[in-house]
Amino acid sequence: MREQVATQKVGTRSGSAGSRSRSVKTTQRPSKRDRTEGQPLAVRLKNLVGYAPLLLKLSALAVVIVLAFLGYRAAASASFFQVRTVQTAGLNRSSAQAIESAVRDEVRATGVWQADLTSVSARLEKLPWIRTAVVTRVLPDGIRVRVTERQPRVVVRMSSGRLVWVDEDGVVLNELNSTDKMPSFFLRGWNEDESAAAAEENRGRIAKFIQLQKDWDAEGLSDRISEVNVQDLRDVRAQLAGDDSQIEIRLGSVDQAKRLGPALQKLDQLRQTPRGPYVSYLVNEGERIFVGVVTGGRAFADTPDTADSLPSQTDDQARKQGNKAKEKESKARTPSKKVEQKRT
């Protein structure tokens, strides 16, 4: 008989499974095709931006903002925003032409959109009569100006003799015209220096003057005054008007408004006496009133105690009378010869 040979199976079930497993693991898959192949460039860039980091996006945004700002500045300075109309309100004495000229000159380089309104307002407030100026934009090409004008309060007599109006801030406005309403009296003693210190002094003078004017108007005394000298606020002086125009009343440093009335009453009393025509000035110190009289072309201070009478006399008469008084005084001080003999 033929001998049968049993063929051995190679591997086991587990071995065959492992072999298959190894064959699967070592099998190479075909590479995928690039999806961007054949796509337009714009699509590729879009995909690239989508994968870009956040920092790159922020940088791109900053560039866009800068470009937009530069474009804005260019548009703002373009002719589209150049000023074409200037509207004004609140004018009475101010010049509309002067205001418009100042506004156009101030915003010519910047245009309406970029105009520095604070700078425009400051320039307008330097013009005569303008105390405050509120400036606003009227886009695209207009500027609106609303002003508050200065009010003339006091007439000042300058050193040259000119009469000018000033406001309560001490700003000189213009000269007194014949058509203006005349004030009760003028102010003297103005500091004409163009300095901050002079301006501060003048504001103090204006405040004192306005207060005196208010008080004397209430008492009905203003019509008797021609002008008030406030150069030295510690020695305020009132020059009288009318028939008393040569008489000055010195009111001191305090209670000047209260001291005027008694001084005028004293003057009215003196006018009824022989010395009335010779009164030159009165000094009211509060408790006493001194009277200054003129005799022989010279002024003498006189106390209230000797204010009863003063004879009219010429220079020669006054000189002779003075010499006699000196002789009497000299004799009274010089001992006689009989007295000297007795002493020896």
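Visitor: In this predicted model, at roughly what angle do the axes of α4 and α5 cross?
Guide: The axes of α4 and α5 come within 10 Å of one another. On the side of α4 the contact involves I99, A102, V103, D105, E106 and V107, which meet S119, V120, R123 and L124 in α5. The passage of α4 over α5 is a right-handed crossing, and the angle at which the two axes cross is roughly 145°.

Visitor: In what order do the 3 strands of the open sheet stand?
Guide: The pairing within this open sheet is mixed, and β2 pairs with β3 (residues 142-149) in the antiparallel sense over 8 bridges. Strands β1 (85-89) and β2 (130-138) each have a single partner strand and therefore stand at the edges, one side of each being left without a neighbour in the sheet. From one strand to the next the twist averages 20°. Read across the sheet, the order is β1-β3-β2.

Visitor: Which residue of β3 is the bridge partner of A133?
Guide: Strands β2 and β3 are joined by 8 bridges and run antiparallel. Within this pairing, the residue of β3 that serves as the bridge partner of A133 is V147.

Visitor: Which strands does helix α4 touch as it packs on the sheet?
Guide: Helix α5 (residues 117-124) lies across β2 and β3, and its course runs at about 150° to β2. Helix α4 (residues 96-107) also packs on the sheet, its direction making about 135° with that of β1. The strands touched by α4 are β1, β2 and β3.

Visitor: What is the hand of the β-α-β crossover from β7 to β8?
Guide: Strand β7 (residues 186-188) runs parallel to β8 (residues 225-229), with 3 bridges between them, and R188 has N229 of β8 as its bridge partner. Between these two strands the chain passes through helix α6 (residues 196-219), and the hand of the resulting β-α-β crossover is left-handed.

Visitor: How many residues lie between β8 and β9 in their hairpin?
Guide: Strand β8 is joined to β9 (residues 236-240) by 4 bridges, and the two run antiparallel. One of the pairs across them sets I225 opposite its bridge partner in β9, L240. In the hairpin that β8 and β9 form, the number of residues between them is 6.

Visitor: Which residues make up the uncovered face of β9?
Guide: Strand β9 also pairs with β10 (residues 248-252), in the antiparallel sense and over 4 bridges, and A238 has I249 of β10 as its bridge partner. A238 belongs, with V236 and L240, to the covered face of β9. The uncovered face consists of R237 and Q239.

Visitor: Is α6 parallel or oblique to α7?
Guide: The axes of α6 and α7 (residues 256-270) come within 9 Å and cross at roughly 45°. An angle under 35 degrees would count as roughly parallel, and the crossing at roughly 45° makes the arrangement of α6 relative to α7 oblique.

Visitor: Which residues of α7 make the contact with α6?
Guide: The crossing of α6 and α7 is right-handed. From α6 the contact draws on K208, L212, D215, W216 and E219, while the residues supplied by α7 are Q256, A257 and L260.

Visitor: Is R153 buried, partly exposed or exposed?
Guide: R153 sits in the loop between β3 and β4 (154-157). Leaving aside neighbours within four places in sequence, R153 is in contact with W165, V166, D167, E168, I210 and Q213. Its relative accessibility is 36%, so R153 counts as partly exposed.

Visitor: What distance separates the C-alpha atoms of R153 and V166?
Guide: V166 is among the residues in contact with R153, and V166 stands opposite V172 in β6. Along the chain R153 and V166 are 13 residues apart, while their C-alpha atoms are separated by 6.1 Å.

Visitor: Which residue in the turn between β5 and β6 has a positive phi?
Guide: Strands β5 (residues 163-166) and β6 (residues 172-175) pair in the antiparallel sense over 2 bridges. Together they form a hairpin with 5 residues between them, and the turn residue with a positive phi, of about 80°, is G170.

Terms used. Residues numbered from 1 in each chain as written. Predicted model: local features only at pLDDT ≥ 70, side-chain atom pairs only at ≥ 80, totals over all residues. Heavy atoms only, no water. Pairing = 2+ DSSP bridges. Axes fitted to C-alpha atoms, helices over the stretch in contact; angles between N-to-C directions. Contact = heavy atoms within 4.5 Å. Right-handed = clockwise from strand over helix to strand, strands pointing away. Buried < 20%, exposed > 50% of the residue type's maximum accessible area, 1.4 Å probe, protein only. Parallel < 35°, antiparallel > 145°, perpendicular 65-115°, else oblique. Left-handed = near helix turned anticlockwise from the far one by under 90°.
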